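Me: I have a structure open and would like to learn how to read its features one at a time. Could you walk me through it?

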Amino acid sequence: MADSPPGPDQPGPDQPANHASSDQDAALTELGYKPGLKRTLGNFHTFAAGISYISILTGTFQLFYFGVSFGGPAYWWSWPMVFLGQLMVALCFCELAARFPVAGSVYNWSKHSGGPHVGWLAGWMMTVATMVSLAAVALAYQLTLPQISSFFQVIGDGTGKYDKAANAVLLGTILILFTTLVNAFGVKLMATINSAGVFIELVAAVVLVILLAAHITRGPSAIVQTEGYGQGQSLGYLGAFLTASLASAYVMYGFDTASSLGEESIDPARNAPRAILRALVASFLLGGLILLFALLAAPDLHAKELSVDGLQYVVKAALGHTIGVVVLWCVVIAITVCALSVQTAGLRLAFAMARDNNLPGGSKLARLSPRFQTPVLATCLIGIVAIVILVVNINQPQIFSVVTSIAIVMIYIAYLLVTLPLLIQRLRGRWTTSPGRFSLGRLGIPINILAVVWGAAMTVNLLWPRAAVYNATGPQHWYLRWGGVLFVGVVGIGGFLYYWFVQRKQTGVLAEHSAGGPSEPMAHGAP
């Protein structure tokens with residue numbers, strides 16, 4: 001893998017240089033776009049964007065209960081499994097980030113490797129997934145704030161059938177309103193809040209690992225015990241493990257966000273690949289240790305609270321109420337910056353598609369605020385849709401698993417629409433990397449094949465019509481169990497039909513964003 005050392009004309013970390021910035025804008029111009037976003041972000045900002053989207057504390061605390069409920073302590077092994085699969089995807093993304101340092105990473109990558117039609121579908125799926133993901137992340141407030149204080153259980157006392165779901169919608173809506181306001185005020189404010197939050201999250205994660213390790217009550221053999229899970233299932237424990245593995249699959253994604261801010265970052269072709277890998281590896285190490293020591297420190301692995309309150313229960317039971325509450329406040333901060341990062345990535349994606357006139361009302365969605373240099377309308381639209389998704393599910397007791405599942409499967413599909421066309425280009429000998437930048441070299445084809453196989457396998461696993469995920473509470477209905485397939489199918493097929501018969505005829509870089517001035521047709525074919 002090649003990555004040349006910084007040259008004399010390149011800025012150091014977090015130190016913008018005028019002529020380096022000019023070179024980066026020239027690279028953007030070569031892709032057909034006129035620079036418009038404000039280039040101010042340094043190394044840590046891009047790393048923080050990736051790691052806050054993954055969000056170790058948000059994901060582990062939101063989904064620990066799910067993994068333990070269906071796979072017991074041995075579900076921990078799904079963490080390294082998912083990491084290895086996503087690492088193959090991330091390595092492919094690193095090459096693409098070095099080659100195309102542009103906003104809307106997944107959309108532009110698939111457009112350049114698979115053509116405009118594949119690019120549109122990948123961008124559309126990712127845009128919708130981002131709005132659903134924002135709603136899913138916002139729901140995590142409900143899993144943490146009421147455990148800090150009953151004051152945050154505003155609706156009912158939490159014992160009613162719909163109390164928690166309705167309260168989750170209320171708390172989630174407040175969070176989304178906050179992230180929308182911050183994102184509307186510009187990337188610098190967002191990056192400052194996000195970086196501060198990520199710093200707190202990383203410190204808290206390290207401290208939590210140490211504290212849990214100091215309170216272990218059993219040996220590591222606990223994580224190889226199946227505890228009778230899977231009995232009576234056709235696949236035995238494998239079936240239980242595949243269901244439980246969704247808890248890990250739901251966490252390790254979004255690392256491409258480190259490159260979504262490519263037009264606002266200093267030297268993105270060099271820094272984005274590093275940020276992608278650092279974010280994924282750091283999340284794997286810290287998250288894996290948190291989950292491991294939590295399982296070893298839990299007072300009772302058969303306690304009902306473990307599969308209801310999850311990691312929050314373990315922290316408070318093992319570390320005591322006071323320390324537990326401090327940790328949970330850190331989790332709240334992590335959830336906040338995670339939602340902020342998710343919306344940031346989504347609005348950059350929407351902006352990238354809109355300036356290609358690939359969304360309805362493209363010129364309005366791509367319009368940048370003269371004062372804040374950010375697409376304010378796109379920001380507000382993403383926030384509004386995410387809130388609508390919450391409100392529609394207000395009386396759904398399974399709101400957490402259903403909304404999260406649908407969001408993640410669409411992201412895995414969008415990733416697959418990047419890695420599969422890239423593999424085809426490699427096999428045809430048409431793929432070339434940027435000279436002196438990140439390159440997989442001879443490992444490109446085998447790593448790309450593994451990335452495609454992994455993406456396809458996990459997409460099937462995520463979409464599988466399990467009652468445990470899509471219809472866990474009665475009554476049982478076929479359309480609920482097949483809800484993931486139906487929703488993704490309607491969004492994908494319906495969206496593409498709209499594109500093919502309506503939007504495709506209007507596609508072209510908008511004049512106000514085109515490097516050439518007048519509207520330019522979309523590029524067809526591979527690079």
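Me: Let me start with a single side chain. Leaving aside neighbours within four places in sequence, which residues is T173 in contact with?

Reply: Keep in mind that this is a predicted model. Once neighbours within four places in sequence are set aside, T173 is in contact with I387 and L390. T173 itself belongs to helix α8, residues 163-184.

Me: And is T173 buried or exposed?

Reply: T173 has a relative accessible area of 18%. Buried means under 20%, so T173 is buried.

Me: Can we try that reading on a residue in another helix? What does L286 touch?

Reply: L286 lies in helix α13, residues 268-297. Not counting neighbours within four places in sequence, L286 is in contact with I56, L202, A205, V206 and V209. With a relative accessible area of 15%, L286 is buried. You can also look at the backbone: the C-alpha atoms of L286 and A205 are separated by 6.6 Å, while the two residues are 81 apart along the chain.

Me: I also clicked on R274. Where is R274 found, and what is its relative accessible area?

Reply: R274 is found in helix α13. Its relative accessible area is 25%, so R274 is partly exposed. For a sequence-versus-space reading, take R274 and N43: they are 231 residues apart in sequence, and 9.0 Å apart in space from C-alpha to C-alpha.

Me: What about a residue outside the helices? Where is N357 found?

Reply: N357 is found in the loop between α15 (321-355) and α16 (362-365). This loop residue is buried, with a relative accessible area of 15%. Setting aside residues up to four places away in sequence, N357 touches G362, Q503, Q506, T507, G508 and L510.

Me: Now let me zoom out to a whole helix. Which residues of α10 are buried?

Reply: Helix α10 covers residues 237-244, and its buried residues are G239, A240, F241, T243 and A244. Those buried residues pack against α3 (56-71), α4 (78-99), α11 (246-249) and α20 (467-470).

Me: How should I describe two helices that pack together?

Reply: Two packed helices are described by the angle between their axes and the distance between the axes. Here, helix α7 (residues 140-148) and helix α14 (residues 311-319) pack at an angle of about 25 degrees, and their axes are 10 Å apart. Angles under 35 degrees count as roughly parallel, and α7 and α14 are therefore roughly parallel to each other. Their crossing is right-handed.

Me: Which residues make that contact between α7 and α14?

Reply: From α7 come L143, T144 and Q147, and they meet Q312, Y313 and K316 in α14. Sorted by class, the contact of α7 with α14 has two nonpolar, three polar and one charged residues.

Me: Next, aromatic rings. How do I read a pair of them?

Reply: A pair of aromatic rings is described by the distance of the centres and the angle of the planes. With rings paired when their centres lie within 6.5 Å, the count comes to 20 aromatic pairs. One of them is W120 with W124, a stacked pair at 5.5 Å centre to centre with 15 degrees between the planes. Both residues lie in helix α6 (residues 116-138), four residues apart, or about one turn of the helix. W120 is buried at a relative accessible area of 2%, whereas W124 is partly exposed at 24%.

Me: How far apart are the ring centres of F496 and W500?

Reply: The ring centres of F496 and W500 are 6.1 Å apart and the planes are at 25 degrees, so this pair is stacked. F496 and W500 are four residues apart in helix α22 (residues 483-501), which separates them by about one helical turn. F496 is partly exposed at 25% relative accessibility, and W500 is partly exposed with a relative accessible area of 31%. Ring pairs link W120, W124, F496, Y499 and W500 into a cluster.

Me: To finish, how many helices and strands does the protein chain have?

Reply: The secondary structure comes to 22 helices and zero strands. Of the 527 residues in the protein chain, 60% count as buried. For contacts between residues at least 6 apart in sequence, 83% join residues at least 24 apart.

Technical notes:
Residues numbered from 1 in each chain as written. Predicted model: local features only at pLDDT ≥ 70, side-chain atom pairs only at ≥ 80, totals over all residues. Heavy atoms only, no water. Axes fitted to C-alpha atoms, helices over the stretch in contact; angles between N-to-C directions. Helix = DSSP H or I, 4+ residues; strand = E, 2+ residues; numbered from the N terminus. Parallel < 35°, antiparallel > 145°, perpendicular 65-115°, else oblique. Left-handed = near helix turned anticlockwise from the far one by under 90°. Contact = heavy atoms within 4.5 Å. Nonpolar A, V, L, I, M, F, W, Y, C, P; charged D, E, K, R; others polar. Phe/Tyr/Trp six-rings, centres within 6.5 Å; stacked < 30°, edge-to-face > 60°. Buried < 20%, exposed > 50% of the residue type's maximum accessible area, 1.4 Å probe, protein only.
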